[in-house]
Structures are given as C-alpha cells and as structure tokens.
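Student: I am new to this structure. Please take me through the terms one by one.

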Amino acid sequence: MEQMLGAFQSDLSSISSEIRTLQEQSGAMNIRLRNRQAVRGKLGELVDGLVVPSALVTAILEAPVTEPRFLEQLQELDAKAAAVREQEARGTAACADVRGVLDRLRVKAVTKIREFILQKIYSFRKPMTNYQIPQTALLKYRFFYQFLLGNERATAKEIRDEYVETLSKIYLSYYRSYLGRLMKVQYPFEALFRSQHYALLDNSCREYLFICEFFVVSGPAAHDLFHAVMGRTLSMTLKHLESYLTDCYDAIAVFLCIHIVLRFRNIAAKRDVPALDRYWEQVLALLWPRFELILEMNVQSVRSTDPQRLGGLDTRPHYITRRYAEFSSALVSINQTIPNERTMQLLGQLQVEVENFVLRVAAEFSSRKEQLVFLINNYDMMLGVLMERAADDSKEVESFQQLLNARTQEFIEELLSPPFGGLVAFVKEAEALIERGQAERLRGEEARVTQLIRGFGSSWKSSVESLSQDVMRSFTNFRNGTSIIQGALTQLIQLYHRFHRVLSQPQLRALPARAELINIHHLMVELKKHKPNF
C-alpha cells in the first residue's frame with residue numbers, strides 16, 4: 001500500500017508539471033496569436049493603402065475630368081500617393097511595387113487637369129458683353145489645383161502664371177474699352193466715376209475671393225497674387241483719374257467722388273476684401289488735394305471780387321451769394337454723412353469771405369435803409385437754401401440766422417424812425433429820466449407830449465399802411481416781408497405801451513391830452529388788419 005501511494009504521489013507530481021507546461025505553452029500561443037492579429041491589422045491597412053483598385057485606374061485613364069467619378073478617384077489617388085510617400089519615409093519596401101503604377105496615374109491625371117484648366121482659362125479670352133469674367137465656374141474644380149500643388153508644383157505654377165497673364169490682359173482690355181465708352185456718355189462726372197468704380201469694386205471683390213479659394217492663398221500671398229492680376233487695370237484707372245482732375249474745377253463733383261470712395265471702401269471691408277485698401281488711398285490722395293485747391297480758389301476769387309466791377313446793383317439777392325448758398329449747402333449736406341474737419345475749415349473760410357463780400361456790396365448803396373434791405377435779402381436767401389439741405393443746427397445756418405436777426409432788428413428800427421422817430425426819442429429820454437430819479441423834469445415836456453399824442457392819433461394808420469407797402473416792395477421773399485411787418489407792428493405796440501406807462505407818471509397824469517390817447521387793445525385790433533395774409 002505504501003509503495004502504491006508513493007507511486008500515485010509521483011504520478012500526481014508529474015501531472016502537475018505537465019499542466020504547468022501546457023499553461024505556459026497556451027500563454028505563449030495566445031501572445032503569438034495577438035501578435036499575428038495585430039500584424040494582420042497593420043498589414044491589412046498597409047495593403048489597403050497601397051493597393052490600386054481597378055476603378056481608380058479606369059477613372060483616371062478613361063473618364064473625362066468633368067465626370068464626378070474622375071474627381072472622386074482623383075481624391076483617392078491623392079490619398080494613396082500621400083500614403084505611399086509616408087510609408088517610403090518609414091522604409092517600407094512594398095511601396096516599390098506600386099510606385100510605378102501611381103506615378104503613371106499621377107502623370108496622366110496631371111496632364112488631363114492641365115489641359116482642362118488651361119482650356120478654361122483660354123476660353124475667358126472670348127468677347128463678353130457684360131464685362132464679367134466667369135472664372136468662378138472653376139471653383140467646383142478647385143481640388144484639381146490642390147492636387148497639382150501636392151503632386152506637380154511646376155504644373156501648378158504654370159497654370160497660375162497663365163491665369164495671371166491672361167486675366168491681367170483681359171481686365172486691362174475690358175476696362176480700357178468700358179472706360180472709353182463710359183466717358184462718351186453725357187453724365188455728370190461723379191455719376192461716371194461711380195459706375196466705373198462700382199464695376200471695379202464688384203469685379204475686384206469677386207476676383208480676390210476667387211484667388212483665395214481656388215489658388216489656396218491668404219494674407220500677403222493673396223494680396224500679391226491679386227495685384228498681379230489687377231495691378232495694370234488699377235494703374236490705368238488712376239492715370240485716367242489723374243488726367244481728368246488736372247482740368248477739373250467742379251468741387252461738388254470731386255467731393256462726391258471722395259464720398260463714393262469712402263462708401264465703396266466700407267463695402268470692400270464688409271466683404272472682407274483688403275486688397276483694394278491701397279488703391280482707395282491712392283484715389284483719395286488724388287481727390288483730396290484737388291478738392292482743397294478748388295475750394296481755396298473759390299475763397300480767393302470771392303476775396304478779390306470788386307463790387308464796382310459787377311455792373312448795376314439793386315437790393316435783390318446777388319447772384320454770387322446765390323451761387324455760394326447752393327454750393328455751400330451741397331457740400332454741407334454731403335459732409336454731414338461722413339464729417340471731415342478740413343472741409344468744415346475751408347467752408348468756414350469761404351463763408352467769411354462771402355459775408356465780407358456782401359458787406360462790400362452793401363456799402364455801395366447810399367442810404368442805410370437800402371444797405372439793410374440788401375443785407376436782409378441776401379442773408380434770407382442764403383439761409384433758406386442752406387436750411388433746405390443742411391441740418392438746422394449746422395454752423396452755417398446758425399451764423400446766417402444771427403446775421404439775419406440782427407439786420408432785421410436794425411431795419412425795423414430804421415423803418416419806424418421816420419414816422420415815429422419823435423415818439424421813440426421821447427420814450428427813451430423819459431425812461432432814462434425815470435430810471436435816474438429825475439421824473440420831475442417831465443413837467444416841462446407837456447407841449448411836446450401833447451404834440452406826440454395828437455400826431456400819432458392823426459397819422460399812425462397812414463404811416464403803418466405806407467411802411468407795410470414799403471416792406472412788401474423791398475423784400476423778394478414774401479414770408480420774410482411778412483415777418484418784418486409783423487415785427488415792426490409788434491415793436492410799435494410795445495413802443496406805444498411804454499408811452500402809456502410814461503404818461504401814467506404823476507408829473508404827466510393831469511395832462512389834458514391824455515384823454516386823446518388811443519386804447520392799447522383798440523390799437524392792437526386795428527394793427528392786426530394790416531398783417532399780410534398769404
């Protein structure tokens with residue numbers, strides 16, 4: 001029994017050893033299996049990346065480039081070429097088996113793409129009536145150029161250079177022809193300028209965005225490529241503008257052109273096209289100095305004008321002030337949209353010279369009344385024109401309003417002086433005596449006061465009628481004449497009311513002639529009958 005148990009124990013030890021051996025063998029087999037599966041996955045990926053399917057070969061060799069399957073297989077060819085280059089860098093020997101096939105397919109694809117894109121570029125040379133080059137049709141084939149960049153840079157450069165050369169000539173030819181036809185049209189220059197530059201803006205934006213997307217460029221590279229295409233056209237446009245401005249003396253047209261450029265520059269910025277920024281600056285560098293020169297010439301012209309050489313004068317608005325009002329109001333209304341301080345300074349200088357000119361012309365009249373009529377007519381006319389176009393709070397409107405008010409008040413006093421001058425003088429003297437506490441001196445004025453009361457009562461109606469007719473004959477603007485008559489009548493009522501207050505003083509209260517005073521309310525009712533109605 002002991003021998004049997006010992007033998008059994010020995011067999012169990014042997015079995016245990018065999019089990020451990022089997023476990024070790026099983027673990028090793030599992031490791032080999034996983035390694036082989038990993039190798040198989042990697043190898044499968046490698047083989048899939050290197051194998052060239054027949055569909056790819058057929059499409060590249062036989063399909064037209066415009067068919068969708070050519071584009072699909074071209075993308076597949078580009079991916080395989082990139083994969084082969086990556087594996088070659090890692091030293092994968094299997095790449096040699098497919099390199100020849102891929103090279104032949106690449107050459108074939110490059111050849112077909114080159115011929116197709118060049119034909120498209122050459123087709124742009126055909127005459128077109130709308131001056132719009134259909135280069136955007138190439139955008140759906142932009143992967144073709146990307147393929148060339150990655151696989152045949154020399155051909156990509158050839159296509160880009162051919163595009164630049166062709167489009168540069170086409171744009172120059174089209175814009176030279178368009179500009180020549182445009183300048184034959186009877187439009188104001190600013191309208192022609194706007195049409196010309198809107199076409200330039202539209203085509204430049206389209207061209208810049210196409211260049212960025214098709215040729216895969218941005219930043220300075222996109223800027224340089226754009227100017228390679230459009231540079232000659234932009235230079236030609238600048239030369240034409242410079243030539244025109246040499247003999248241009250239309251300040252409003254030049255100022256409108258400046259604001260057209262400012263607006264178009266904003267449009268280009270909103271479209272994210274910075275390539276025209278330098279061109280806009282060059283255009284403004286031509287327009288601003290010319291505009292300032294023309295304004296300075298106008299200032300000098302008004303300053304040197306001699307009223308005695310202008311022929312016969314009358315009190316109506318002068319043609320020079322009318323021209324100034326229309327000119328200034330146009331510039332002010334334009335400048336309000338995008339204010340410019342230098343423009344306001346020049347307009348301020350011109351306004352000062354016009355005001356001085358009006359005063360020089362007014363000095364040619366012999367009587368102060370005629371001088372005031374001339375000044376009021378001119379100030380009123382200039383103010384009316386400015387208020388039609390400029391803001392009510394503009395400096396020009398405010399300045400002429402102050403001048404008009406001051407001269408109108410002076411004219412009213414001048415108007416009331418002949419018929420009511422004695423009354424005005426007495427009221428001022430009496431009020432001064434009362435203010436100084438010397439009212440007792442009024443006792444010696446009974447005869448003068450009596451004469452003033454009776455004189456006013458007998459003549460005020462005819463005097464008011466006469467001055468009303470005089471005002472309506474003197475002023476070209478009926479509304480202004482009405483306002484002046486109303487102001488004169490109001491001032492007359494105030495004067496007579498002050499006269500009543502003076503006569504209510506104790507020193508004059510017992511004056512018998514006070515009974516002949518006209519009632520203030522009655523006077524107001526009667527004066528209303530003389531108010532003109534329009």
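Student: Leaving aside neighbours within four places in sequence, which residues is asparagine 480 in contact with?

Tutor: Asparagine 480 is in contact with Ile376, Asp380 and Phe475, leaving aside its neighbours within four places in sequence. Contact means heavy atoms within 4.5 Å. A word on the source: this is a predicted model, where local features need pLDDT of at least 70, side-chain atom pairs count only at pLDDT 80 or more, and totals for chains, interfaces and linings use all residues. Residues are numbered from 1 along each chain as its sequence is written, and side-chain values use heavy atoms, with hydrogens and water left out.

Student: Why is asparagine 480 called buried?

Tutor: Buried means under 20% relative accessible area, exposed means over 50%, and partly exposed is in between (1.4 Å probe, protein chains only). Asparagine 480 has a relative accessible area of 8%, so asparagine 480 is buried.

Student: Where does asparagine 480 lie?

Tutor: Asparagine 480 lies in helix α16, residues 478-503. Helices are DSSP runs (H or I, at least four residues), strands are DSSP runs too (E, at least two), and the numbering starts from the N terminus. The protein has 17 helices and zero strands.

Student: What makes phenylalanine 210 and phenylalanine 214 a stacked pair?

Tutor: A search of the whole structure finds 29 aromatic pairs. In the pair of phenylalanine 210 and phenylalanine 214, the centres are 5.2 Å apart and the planes are at 10°. Rings of Phe, Tyr and Trp (its six-membered ring) pair if their centres lie within 6.5 Å; planes under 30 degrees apart count as stacked, over 60 as edge-to-face and the rest as tilted. Both values meet the rule, so the pair is stacked.

Student: How do you know that phenylalanine 210 and phenylalanine 214 are separated by about one helical turn?

Tutor: They are four residues apart in helix α7 (residues 189-214), so about one helical turn separates them. Phenylalanine 210 counts as buried because its relative accessibility is 1%. Phenylalanine 214 counts as buried at 1% too.

Student: Why is the pair of tryptophan 288 and phenylalanine 291 called edge-to-face?

Tutor: The ring centres of tryptophan 288 and phenylalanine 291 are 6.0 Å apart, and the planes are at 70°, so the pair is edge-to-face. These two residues are three apart in helix α10 (residues 277-303), which means about one helical turn between them. Tryptophan 288 has a relative accessible area of 18%, so tryptophan 288 is buried. Phenylalanine 291 is buried as well, at 0%.

Student: Which residues do ring pairs link into a cluster?

Tutor: The cluster holds Phe420, Phe426, Phe456, Trp460, Tyr496 and Phe499.

Student: How do you know that the charged end of arginine 290 sits over the ring of tyrosine 249?

Tutor: A charge sits over a ring if NZ of Lys or CZ of Arg is within 6 Å of the ring centre and within 35 degrees of the ring normal. The charged end of arginine 290 is 4.8 Å from the centre of the tyrosine 249 ring. Arginine 194 lies over the face of tyrosine 198, at 5.6 Å from the ring centre.

Student: Why is glutamate 429 called partly exposed?

Tutor: Glutamate 429 has a relative accessible area of 40%, which lies between the two cut-offs, so glutamate 429 is partly exposed. Glutamate 429 is found in helix α14. Its C-alpha atom is 87 Å from that of phenylalanine 210, and the two are 219 residues apart along the chain.

Student: What about glutamate 162: what makes it partly exposed?

Tutor: Glutamate 162 has a relative accessible area of 22%, so glutamate 162 is partly exposed. Glutamate 162 lies in helix α6, residues 153-182. Glutamate 162 is in contact with Leu118, Ile121, Tyr122 and Arg125, leaving aside neighbours within four places in sequence.

Student: Is histidine 197 buried or exposed?

Tutor: Histidine 197 counts as buried, because its relative accessibility is 1%. Histidine 197 lies in helix α7. Its contacts beyond four places in sequence include Thr237, Phe264 and Tyr279.

Student: Which residues have the most contacts inside the largest nonpolar core?

Tutor: They are Leu74, Leu287 and Phe499, in a core of 161 residues. A nonpolar core is a set of buried Ala, Val, Leu, Ile, Met, Phe, Trp, Tyr and Cys residues joined through side-chain atoms within 4.5 Å.
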